[in-house]
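Me: Could you take a close look at a single part of this model for me? I'd like one strand and its surroundings, walked through in one go.

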Amino acid sequence: MNMKPSKQLLGQKGEQQAVDFLKKYHYKIIARNYRYSRSEIDIICCQDDVLIFCEVKSYQSKPLDAVEFRVNKKKQEKLIQGAYGFIEEYPEYENYNIRFDVIIVAFSSYPVDITHHKAAFWLEEPF
């Protein structure tokens with residue numbers, strides 16, 4: 001019998017761990033699983049005047065490769081497209097600085113190992 005959680009369940013657990021982590025450091029959670037067109041952003045939050053779009057990657061064990069291999073260019077483009085959609089839908093955030101973070105959640109230890117990569121990638125040109 002396989003006791004390994006499904007990829008979807010692991011992702012949901014990882015996203016909740018990431019939300020708890022962000023709240024602990026006084027980030028305000030604005031949205032979870034925001035969908036725009038063909039993109040989905042796991043967590044949208046803010047801190048001061050910075051609007052942060054977070055991609056969460058969850059693993060049973062800590063990945064050994066760099067974060068840029070976990071969020072490839074195609075995924076980055078989808079996240080950026082989603083960010084444009086969010087700003088269009090919620091213009092009250094259009095004057096915020098924008099940041100794209102990646103949060104790695106590894107369930108291989110207790111407590112869970114969370115690595116927050118701030119500004120993991122960025123826009124080639126401003127909004």
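What follows is a tour of one strand, then of the packing around it.

Me: Let's take β2: how many of its nine residues are buried, and which strands does it pair with?

Reply: Sure. Keep in mind that this is a predicted model, so treat everything here as computed from those coordinates.

Start with burial. Strand β2 covers residues 39–47, and seven of its nine residues are buried, so the strand is largely enclosed by the rest of the structure. "Buried" here means under 20% relative accessible area.

Now the pairing. On one side of the story there's β1, which pairs with β2 in the antiparallel sense over seven bridges. If you want one pair to click on, Arg35 stands opposite Glu40 in β2. The hairpin of β1 and β2 has two residues between the strands, and Ser37 takes a positive phi near 55° there.

Then there's β3. Strands β2 and β3 also run antiparallel, joined by five bridges. A pair to look at here is Cys45 with its bridge partner Ile52 in β3. This hairpin, too, has two residues between the strands, and Asp48 is the one with a positive phi near 55°.

On to the packing, with Ile44 as the residue to centre your view on. Ile44 is among the residues with the most contacts inside the largest nonpolar core, alongside Leu51, Phe53, Phe86 and Phe100; that core has 20 residues. At least two core residues each come from β1 (28–36), β2 (39–47), β3 (50–59), α3 (73–89) and β4 (97–106). The largest share, five residues, is supplied by α3. As general background, nonpolar side chains in soluble globular proteins tend to be buried together.

What does Ile44 touch, leaving out residues up to four places away in sequence? Its contacts include Lys28, Ile29, Ile30, Ala31 and Tyr34. Ile44 also reaches Leu51, Ile52 and Phe53, plus Phe86. Of those contacts, Leu51, Phe53 and Phe86 turn up again in the list of residues with the most contacts inside the core.

One last thing before you close the viewer: this isn't the whole packing story. A second, separate core has 15 residues, including Leu10, Ala18, Ile103 and Val105. Val105 also touches Asp113, which sits in strand β5 (residues 113–121). Asp113 is partly exposed, with a relative accessible area of 24%.

Notes: Residues numbered from 1 in each chain as written. Predicted model: local features only at pLDDT ≥ 70, side-chain atom pairs only at ≥ 80, totals over all residues. Heavy atoms only, no water. Helix = DSSP H or I, 4+ residues; strand = E, 2+ residues; numbered from the N terminus. Buried < 20%, exposed > 50% of the residue type's maximum accessible area, 1.4 Å probe, protein only. Contact = heavy atoms within 4.5 Å. Core = buried A, V, L, I, M, F, W, Y, C linked by side-chain atoms within 4.5 Å. Pairing = 2+ DSSP bridges.
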